[in-house]
Amino acid sequence: MKKIQFFRSGTQILFTSLIAASFLTDLRAFMLIVLLITIFCGPFYCGWICPYGFLQDILGKVAHLLGIKKRRMPLQIQKVIVFSRYAVLALILFSVSDAVFNLMSFDPRANFTRILGREAVSFAALGVIIFFLAVSLVFERPFCNCLCYEGAKHGLLGSLRIFTLKRYESVCINCRKCDDICPMNISVSKIKNLRSPQCINCFECVSSCPVSGALCFGKADMDESGKKRFVASALAALVLVGSFMGYSLFARRDDTASQPPPNVQAVYQNEPSAVAGIADGVYTGEGEGFNGKIVVEVTVSGQNITGVEVVSTRDDYKWFERANSKIPGLIIDSQSADVDIVSGSTYSSIGILDAVKDALQKAKH
Ligand code: SF4
Ligand code: SF4
């Protein structure tokens with residue numbers, strides 16, 4: 001079963017390379033496939049795809065080679081920490097506070113993906129990335145275990161899985177090697193059908209098991225009451241996480257597209273216009289938002305900016321809309337892309353402004 005770890009490492013390298021080479025720029029279709037697999041077979045994203053998870057794995061292996069002793073969280077702390085990433089997810093889902101958004105900008109998973117895409121991140125964000133990697137030398141996957149809300153989403157959906165890891169008690173010799181190796185601190189040796197939302201489907205437990213057939217991947221067994229509990233929790237998790245993810249993946253474009261064009265208001269006639277000398281037309285520009293590229297179309301008519309429309313973005317709708325509901329109107333009012341950014345939506349604001357500047361710059365050539 002060690003072969004599966006080579007296959008997993010190969011898959012992690014492949015996806016990290018694809019993301020670095022910008023082959024997965026529009027992740028929506030890809031993420032939809034991943035989510036379908038997650039619902040049926042558990043969360044493969046964290047264990048097989050996520051570049052920052054992969055990096056934490058590498059650091060864990062480096063620590064092993066260096067002879068650094070791996071530590072496990074004390075059980076009492078572990079019992080609390082196991083809920084922390086779901087608390088973070090709830091905070092992000094239900095809070096509209098600027099502080100939450102500002103904290104999200106330090107998300108090392110998102111920022112590492114940004115670095116792979118050759119985007120700049122702040123020194124503080126880099127510090128957070130390095131901090132969790134340093135902790136990975138001692139504790140396995142610290143960020144995944146404690147704070148990653150992306151992992152929490154996949155984990156919750158994955159708890160609906162129909163196919164899962166099963167432990168056959170009649171074969172198991174209770175050596176607990178599976179418990180020791182699990183990077184997500186799951187007590188595999190106490191479970192018959194694995195349904196933990198913490199599991200990342202890394203199959204390290206299977207690889208470490210000395211008894212063939214004690215841990216296998218297959219259809220989960222369920223008695224009648226288990227089935228009822230499963231259906232109830234499946235519906236709840238599906239509605240909650242599915243609607244959030246579907247909204248994040250699809251709604252923002254539609255909502256953006258259906259937004260009425262901002263009103264054309266006062267034009268500052270006495271100031272040099274950013275559109276002086278630009279012929280009438282619609283110009284496209286690009287900027288970098290929180291989750292990657294923002295593309296805008298700027299309409300110029302009679303030497304005035306008369307429309308600014310965002311045609312694509314990967315930023316989370318909730319935060320993006322704060323910027324998008326104000327910035328285009330401000331640009332049209334002032335006839336300039338040098339307007340104040342919107343508090344609590346810094347990255348999206350900068351992304352839209354840079355995209356408008358880019359469009360106007362291109363229009364002048
Ligand atoms: S490693 Fe295998 S044999 Fe050992 S406790 Fe886990 S499942 Fe049982
Ligand atoms: S239970 Fe097994 S597959 Fe799941 S995270 Fe732990 S080691 Fe990986």
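This passage describes the membrane annotation, the nonpolar cores and the surroundings of ligand 2. The structure is a predicted model.

The UniProt record, an unreviewed entry, carries the feature "transmembrane region" at five stretches: residues 7–24, 30–55, 80–101, 121–139 and 230–250. Two of these spans were examined for secondary structure. Residues 30–55 are 88% helix and 0% strand. The end C-alpha atoms of this span are 21 Å apart. Residues 121–139 are 74% helix, again with 0% strand. Here the end C-alpha atoms lie 25 Å apart.

The largest nonpolar core holds 38 residues. Tyr45, Ile49, Tyr52, Ile186, Val188, Phe203 and Cys205 touch the most other members. At least two residues of this core come from each of α1 (3–20), α2 (28–41), α3 (44–49), α4 (51–65), α8 (108–116), α9 (123–136), α10 (142–146) and α13 (204–208). The top contributor is α3, with five residues. Tyr45 was followed in detail. Beyond residues up to four places away in sequence, Tyr45 touches Met31, Val34, Cys50, Glu150 and His154. Another core lies apart from the largest one. This other core has 25 residues, including Val275, Ile327, Ile332 and Ala359.

Ligand 2 is surrounded by 14 residues. Those that come nearest are Cys182, Cys199, Cys202, Phe203 and Cys205. The shell around ligand 2 is made up of 12 nonpolar residues, one polar residue and one charged residue. Phe203 and Cys205 thus appear twice: among the residues nearest ligand 2, and among those with the most contacts to other members of the largest core.

Conventions
Residues are numbered from 1 along each chain as its sequence is written. Chains are lettered from A and ligands numbered from 1 in the order in which they are written. This is a predicted model: local features need pLDDT of at least 70, side-chain atom pairs count only at pLDDT 80 or more; totals for chains, interfaces and linings use all residues. Side-chain values use heavy atoms; hydrogens and water are left out. A residue is near a molecule or strand if one of its heavy atoms lies within 4 Å of it. Ala, Val, Leu, Ile, Met, Phe, Trp, Tyr, Cys and Pro count as nonpolar, Asp, Glu, Lys and Arg as charged, and the others, Gly among them, as polar. UniProt positions are given in the numbering used here, feature names are shortened, and annotations may be inferred rather than shown by experiment. Helices (H or I, at least four residues) and strands (E, at least two) are DSSP runs, numbered from the N terminus. A nonpolar core is a set of buried Ala, Val, Leu, Ile, Met, Phe, Trp, Tyr and Cys residues joined through side-chain atoms within 4.5 Å. Buried means under 20% relative accessible area, exposed over 50%, partly exposed in between (1.4 Å probe, protein chains only). Contact means heavy atoms within 4.5 Å.
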